Amino acid sequence: MTLHSAPRLGVVVPSGNAAAEPEIGGLVSPAFNVHTSRFPVLPGKDLRGRLRKYNDVLPEVLGNFGGLRLDAAVVSCTGSHYLLTPDGDRALCAELSERAGAPVRSAALAILDTARAVGAERLVLISPYEPWLTELSEAYWQSAGLTVDRVVKIRAGARFSPYDVTTEELVAQVREAELPQDATLLFTGTGMFTFDALAELGRDSGRVLLTSNLASAWWARDTLGLPAEGPDAHPLLRRLAERTGARADALTVGPATAREGAPASGLGAVAVS
């Protein structure tokens, strides 16, 4: 596959998010080319105000890809979609998919798709958010039918700041929580760097480790028919598949979930060779 012929994944990110592009890019490379569009800077608004505005301007931000043909797109901001119900999130993504002419999925829905694909029904939520946003996140998962057994609140120093959590802080706080060996851990927040922490924590046990960016890449690969156990798949994707006992041909989550609202013709022309 050449760079010119590789499928194109669009990623929409908040302006200050430094983690989503390198993590998602690393997870889907070399199978995809990743292209990004950023939410606008919104001076004077607090976090809740920014997240609400992101949902308002999302069609415009996706429109900034212009004439660039995308094969799929991910909205890499879970916080703004926690303000919606899961049903509201699905309706918004269906509308965006219709407008874009290709499947569009929020990172939150991608997490749901991946959790269902690997058979996870219960979660331990690993959250670097401010408490009110952690509560919204927990309510979103519960509304979607997942049971949140426990919440581990992650701090950057003394603050809640996803962008500033270090690998050492993340690993230490998860280990201090002494979580069950068979738990499914969801590290929420697309802006928290997780790769090195997952590699370290993965040596501790066989726990299922999910992140917003990992789920986004899982959904994108599945949507374009590229299995997580393929020879070019990132080790974190292969680990997720192996730890859940999934086979490469059993990772499709079906038309009622990952492809809900996606145009039927949006993927047929994608050449993967």
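Of the 273 residues in the chain, 53% are buried. The model you have in front of you is predicted, and its chain is built from 10 helices and eight strands. Take the contacts between residues at least 6 apart in sequence: 75% of them join residues at least 24 apart. With that overview in hand, let us walk through the open spaces, the enclosed one and the aromatic rings.

**Pockets and cavity**

The table sets the three spaces side by side.

| Space | Volume | Lining by class |
|---|---|---|
| Largest pocket | about 460 Å³ | 13 nonpolar, 10 polar, three charged residues |
| Second largest pocket | about 220 Å³ | 12 nonpolar, two polar, one charged residues |
| Largest cavity | about 30 Å³ | five nonpolar, no polar, one charged residues |

Let us begin with the largest pocket, which holds about 460 Å³ of space. Its lining is made by 26 residues, and those nearest the centre are Leu47, Arg50, Leu51, Pro162 and Tyr163. Two elements, helix 2 (47-63) and helix 3 (78-82), each give two or more residues to this lining. Helix 2 has the largest share, with four residues.

The second largest pocket has a volume of about 220 Å³. Leu62, Gly63, Phe65, Arg99 and Ala100 are the closest to its centre among the 15 residues that line this pocket. Here the elements giving two or more residues are helix 2, strand 3 (72-75) and helix 4 (86-100). Helix 2 is thus worth a second look in your viewer, as it is named for the lining of the largest pocket and for that of the second largest pocket.

What about enclosed space? The count comes to one cavity of 30 Å³ or more, and the volume of the largest cavity is about 30 Å³. Leu198, Leu209, Leu214, Leu236, Arg239 and Leu240 line this cavity. Helix 10 (residues 235-243) contributes the most to the lining, with three residues. By class, five of the lining residues are nonpolar and one is charged, with no polar residue.

**Aromatic rings**

How many aromatic pairs does the structure hold? There are five. A pair of aromatic rings is described by the distance of the centres and the angle of the planes.

One of these pairs is formed by Phe39 and Tyr54, which are stacked, with 4.2 Å from centre to centre and 15° between the planes. Phe39 belongs to the loop between strand 2 (33-38) and helix 2, while Tyr54 is in helix 2, so the pair ties together parts that are 15 residues apart in sequence. Are these two residues, Phe39 and Tyr54, buried or exposed? Both Phe39 and Tyr54 are buried.

A pair of another geometry joins Tyr140 and Trp141: these rings meet edge-to-face, at 5.0 Å centre to centre and with 80° between the planes. Tyr140 and Trp141 are both buried. They also belong to a cluster, in which ring pairs link Tyr82, Tyr129, Tyr140 and Trp141.

One further ring has a charge for company. The charged end of Arg48 sits over the ring of Trp132, at 4.0 Å from the ring centre.

Definitions and conventions:
Residues numbered from 1 in each chain as written. Predicted model: local features only at pLDDT ≥ 70, side-chain atom pairs only at ≥ 80, totals over all residues. Heavy atoms only, no water. 1 Å grid on protein atoms, 1.4 Å probe; cavity = no way out; pocket = protein on both sides within 12 Å on 5 of 7 lines; lining within 4 Å. Points joined across faces, edges and corners; volume = space filled by probe spheres on them. Nonpolar A, V, L, I, M, F, W, Y, C, P; charged D, E, K, R; others polar. Phe/Tyr/Trp six-rings, centres within 6.5 Å; stacked < 30°, edge-to-face > 60°. Buried < 20%, exposed > 50% of the residue type's maximum accessible area, 1.4 Å probe, protein only. Lys NZ or Arg CZ within 6 Å of the ring centre and 35° of its normal. Contact = heavy atoms within 4.5 Å.
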